[in-house]
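Visitor: I am new to this structure and would like a close look at a single part of it. Could you take me through one helix with care, and then show me how the chain that holds it sits beside its partner?

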Number of protein chains: 2
Amino acid sequence: MARKTKAEALRTRQQIIEAARHVFHEHGVARSTLEQVACRAGLTRGAVYWHFKDKFELFQAVRTDVFDPMHERLATILLTGRYGNPLDAIEAALHEIFLVLDECPTVRQMLEIMLLRCEYANEFADVQPESEHPGVEFLESLEDAYKKAAAKGLLRPGTDPKSMALDTWIFVGGLLHALITRGFEERFKSQVRTMIAAHVALRRPA
Amino acid sequence: MARKTKAEALRTRQQIIEAARHVFHEHGVARSTLEQVACRAGLTRGAVYWHFKDKFELFQAVRTDVFDPMHERLATILLTGRYGNPLDAIEAALHEIFLVLDECPTVRQMLEIMLLRCEYANEFADVQPESEHPGVEFLESLEDAYKKAAAKGLLRPGTDPKSMALDTWIFVGGLLHALITRGFEERFKSQVRTMIAAHVALRRPA
DNA sequence: CTGTATACATTCGCGCATGTATGTATAATC
DNA sequence: GATTATACATACATGCGCGAATGTATACAG
């Protein structure tokens with residue numbers, strides 16, 4: 001067996017990415033071997049080294065492969081004018097995050113990898129900022145939404161949109177962290193909806 | 001050079017622990033070498049293997065060495081009857097956490113290690129539960145405090161102590177996570193006091 | 001004062017992961 | 001239809017980290 005079609009090559013590349021996700025999740029990034037990845041994909045290390053320079057580049061590919069679609073979904077919710085009340089848009093976006101988590105095992109897997117199975121040192125030190133939380137752009141979108149709400153008089157008086165956005169952002173990060181580390185216990189998951197509602201409700205005018 | 005006093009041996013053990021903390025923090029746990037640790041402590045791998053079975057046992061020693069004192073401090077605040085209003089005790093405990101963070105570089109270092117430089121897979125998979133957040137006992141103490149507050153009519157009506165405790169616990173986890181990953185930027189640190197105050201204020205009766 | 005356990009240093013052998021170099025059959029290009 | 005670039009597999013060289021075995025000088029127990 002030797003040379004494949006360009007389309008076939010793309011498929012093997014995708015197979016390597018998915019194999020890597022599973023292996024990283026199982027053994028942790030540092031202790032994962034490119035041999036293990038190749039083996040899981042039904043290939044040899046030669047294939048891996050052809051498509052990716054090293055383990056780090058492979059890791060980046062796995063990351064964007066999973067998160068790019070999710071970022072799209074969140075952006076459309078927060079930026080669309082579908083919701084009259086910006087706080088409703090925020091609440092919907094928060095729910096969307098955990099809906100995605102429920103629907104996509106791959107997202108859960110990748111989050112677990114990033115939060116629990118990856119050491120951000122040396123080459124990986126640079127990844128951390130852009131991989132943290134739901135992304136910095138999300139924080140900015142939140143601030144936008146809170147400002148709009150404040151302008152419409154829909155935000156609880158005496159609260160600052162900037163710090164509210166930060167607070168929500170941290171809330172989401174904490175929730176994700178808690179969900180991941182608690183292994184998505186049902187007892188925990190069922191509370192998420194009410195916690196999100198409570199979180200946003202505290203920001204609405206009394 | 002050879003055999004040392006029992007007291008001297010304890011000191012070298014402590015030196016190994018501190019060297020390990022620095023090396024773990026710099027290279028990540030998985031990529032740290034016992035050789036590097038020994039070298040940093042001015043010793044050889046022989047010494048390390050004498051005091052600790054392997055890297056994992058050493059890691060556990062580093063962890064308890066840093067956190068045991070901190071747990072003591074928090075427990076005394078939450079369990080002492082010093083505060084008439086339990087919500088004040090909670091607020092004080094939250095402040096205490098970040099006071100400790102400000103005072104103790106070793107605690108910051110260890111948190112960074114646990115959140116960013118450690119892969120919880122294989123042997124390390126078991127550490128995660130007991131190392132997560134400020135500890136599960138802290139969550140229980142929070143629930144106690146909220147229940148007392150509710151009994152005294154000092155908790156905002158319509159709120160459940162159990163979910164309030166969970167919410168605060170997650171808030172702290174998210175804050176720690178954010179502080180660590182944001183590298184303790186001043187802009188961020190200065191907001192912590194007000195964020196804690198706002199968090200607790202939302203739970204007081206209107 | 002003698003023997004034994006201690007607190008390390010030194011040495012050795014091994015396996016394994018990495019990176020690269022080379023082989024090779026076949027798409028793609030013209 | 002010959003050439004070239006592609007998409008891998010295979011083979012090789014290297015180093016590094018680990019665990020254990022061994023050595024050794026000294027504190028300590030009796």
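Guide: In this predicted model, the buried residues of helix α6 of chain B are B:M110, B:E112, B:I113, B:M114, B:L115 and B:L116. The helix runs over residues 105-116, and because each of its 12 residues should add 1.5 Å, counted over one less than their number, a span of 16 Å is expected, which agrees with the 16 Å that separate its end C-alpha atoms.

Turning from the helix to the partner chain, the contact between the two takes 31 residues from chain B and 30 residues from chain A. On the side of chain B that touches chain A, the elements that give two or more residues are α1 (6-27), α9 (161-181) and α10 (186-201) of chain B, and of these α9(B) gives the most, with 11 residues. By kind, the residues on this side of chain B divide into 14 nonpolar, 11 polar and six charged.

As for how the copies are arranged, a turn of 180° with a shift of 0.0 Å along the axis lays chain B on chain A with an RMSD of 0.0 Å, and the two copies are therefore related as by a two-fold rotation axis. In chain B, the C-alpha nearest that axis belongs to B:G174, at 1.8 Å from it. Finally, 97% of the interface residues of chain B are also interface residues in chain A, so the copies meet through the same surface.

Key. Residues numbered from 1 in each chain as written. Chains lettered and ligands numbered in written order. Predicted model: local features only at pLDDT ≥ 70, side-chain atom pairs only at ≥ 80, totals over all residues. Contact = placed C-beta atoms within 7 Å. Helix = DSSP H or I, 4+ residues; strand = E, 2+ residues; numbered from the N terminus. Nonpolar A, V, L, I, M, F, W, Y, C, P; charged D, E, K, R; others polar. Buried ≥ 20, exposed ≤ 12 C-beta atoms within 10 Å, placed from the backbone. Least-squares fit on C-alpha atoms with pLDDT ≥ 70 in both.
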